Amino acid sequence: MNHDHGYKLLFSHAEMVADLLRGFVKEGWVNELDFSTLEKINGSYISDDLRERQDDIIWRLRRKQGKQDEWLYVYLLLEFQSTVDWFMAVRIMTYIGLLYQDLIRSESIKTGEQLPPVLPMVLYNGDHRWQAPVNMGELILPAPGGLDRYRPQLNYLLLDEGRYHEHELVALRNLTAALFRLENSRTPEDVQQVLQALITWLHTPEQDSLRRAFTVWLKRVFLPGRMPKTSFDEIHDLQEVYSMLSERVKDWTKDWKQQGIEEGKQIGIQEGRQEGRLEGEVEFFLRLLERKFGPADEITQTRIKSADSQTLLRWGERILVAQTIEEVFEE
């Protein structure tokens, strides 16, 4: 079982989706949602070129709109990869289009009716922080004159797990926050704290399915990634995970520490390579800028040298159409 399937199992439970929205969507309209109406719908859409989207998770729930109720669709895209997808906004726009096509094709929306709102969410747990644009319009070059008003402006909500600090997640006290805390844990003691909370929260018979989902994810995805030499076949419940961790905490701490050393070495090698590439990108950008606008002043050079690769790429594209050096750096 990989991370995608593990998360898909967890977020196939309404309780997880409700906590995701309550805890991580900081907007007033969330208070208007009726979480008792959460309903999972088919997440496989076939586009004209017959490619399928089967791993996406799509829920809908009712939202109060004046005196009427309306459906709100939540499109949850799970993203587990070592590199950030710069063109994620294009993918999101395509997937939402497929969702709307399916609603029209199935006659859920009739001619003359308006399409329901969609909240596209990208849940990302990669090692590197997400830097790709979250708005489709930022990927498209500015157009001259009135043409710019035709530029798509679709946004998606990014949840980059690595950006959250422990104190933020503890304060939320919800299931999705507990999942993020596990992902960000650094020691077996960190995991024990979260497990104790999950055991307390998931104690009713109605929560057995979600409790099993957490257990499956821990034994098949999370723990093997931290301790690849250990077998977890005998674990069948969260309490058993907690007990096993308590019994072998010294051995596990040693394994985690060694794994951290190895990961640190690899990260150091990768960062060294990236730093070398970045220096070359800065030098190349400065040459382009100088050829079109002349030598950059000291303040501009400092700004360029502190930029990351994606920012340099965005500025580099603007050089092609900018009339002044100020237009290159406009935000």
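**Exercise 1. Determine which residues T215 is in contact with, leaving aside its neighbours within four places in sequence, and decide whether T215 is buried or exposed.**

Solution. Once neighbours within four places in sequence are left aside, the contacts of T215 in this predicted model are I235, H236, D237 and L238. The next step is to place the residue, and T215 turns out to belong to helix α7. Its relative accessibility is 3%, and since buried means under 20% relative accessible area, T215 counts as buried.

**Exercise 2. Describe the largest nonpolar core, and state which helix supplies the largest share of it.**

Solution. Begin with the extent of this core, which holds 54 residues, and with the residues that have the most contacts inside it, namely F11, L21 and F214. Its largest share, eight residues, is supplied by helix α7, which runs over residues 208-226. Turning to F214, and not counting residues up to four places away in sequence, one finds that F214 touches L10, M16, L175, L179, L198, L202 and L238. Apart from this core lies another one of 24 residues, which includes Y73, W86, I92 and V122.

**Exercise 3. Classify the aromatic pair of Y75 and Y95 from its ring geometry, then do likewise for Y124 and W130.**

Solution. A pair of aromatic rings is described by two quantities, the distance of the centres and the angle of the planes. The structure holds 11 aromatic pairs. For Y75 and Y95 the ring centres are 6.2 Å apart and the planes stand at 10°, so this pair is stacked. Because Y75 lies in strand β5 (residues 68-79) and Y95 in helix α3 (residues 88-105), the pair ties together parts that are 20 residues apart in sequence. Both Y75 and Y95 are buried. For Y124 and W130 the distance is 4.9 Å centre to centre with 65° between the planes, and this pair is edge-to-face. Y124 is buried with a relative accessible area of 0%, and W130 is buried with a value of 4%. Beyond these pairs, Y7, F11, W217 and F222 form one aromatic cluster.

**Exercise 4. Locate V321 in the chain and state which residues form a nonpolar surface patch with V321.**

Solution. V321 sits in the loop between α11 (309-319) and α12 (325-328). With a relative accessible area of 42%, V321 is partly exposed. Together with L141 and L320, V321 forms a nonpolar patch on the surface, whose accessible area comes to about 290 Å². As context for the whole protein chain, about 19000 Å² is exposed, of which carbon and sulfur atoms supply 50%, while buried residues make up 40% of the 331 residues.

Note on methods
Residues numbered from 1 in each chain as written. Predicted model: local features only at pLDDT ≥ 70, side-chain atom pairs only at ≥ 80, totals over all residues. Heavy atoms only, no water. Core = buried A, V, L, I, M, F, W, Y, C linked by side-chain atoms within 4.5 Å. Buried < 20%, exposed > 50% of the residue type's maximum accessible area, 1.4 Å probe, protein only. Helix = DSSP H or I, 4+ residues; strand = E, 2+ residues; numbered from the N terminus. Contact = heavy atoms within 4.5 Å. Patch = residues over 30% accessible without salt bridge, like charges linked within 9 Å, V, L, I, M, F, W, Y side chains within 5 Å. Areas by Shrake-Rupley, 256 points an atom, 1.4 Å probe, with all protein chains shown as cover. Salt bridge = Lys/Arg side-chain N within 4 Å of Asp/Glu carboxyl O. Phe/Tyr/Trp six-rings, centres within 6.5 Å; stacked < 30°, edge-to-face > 60°.
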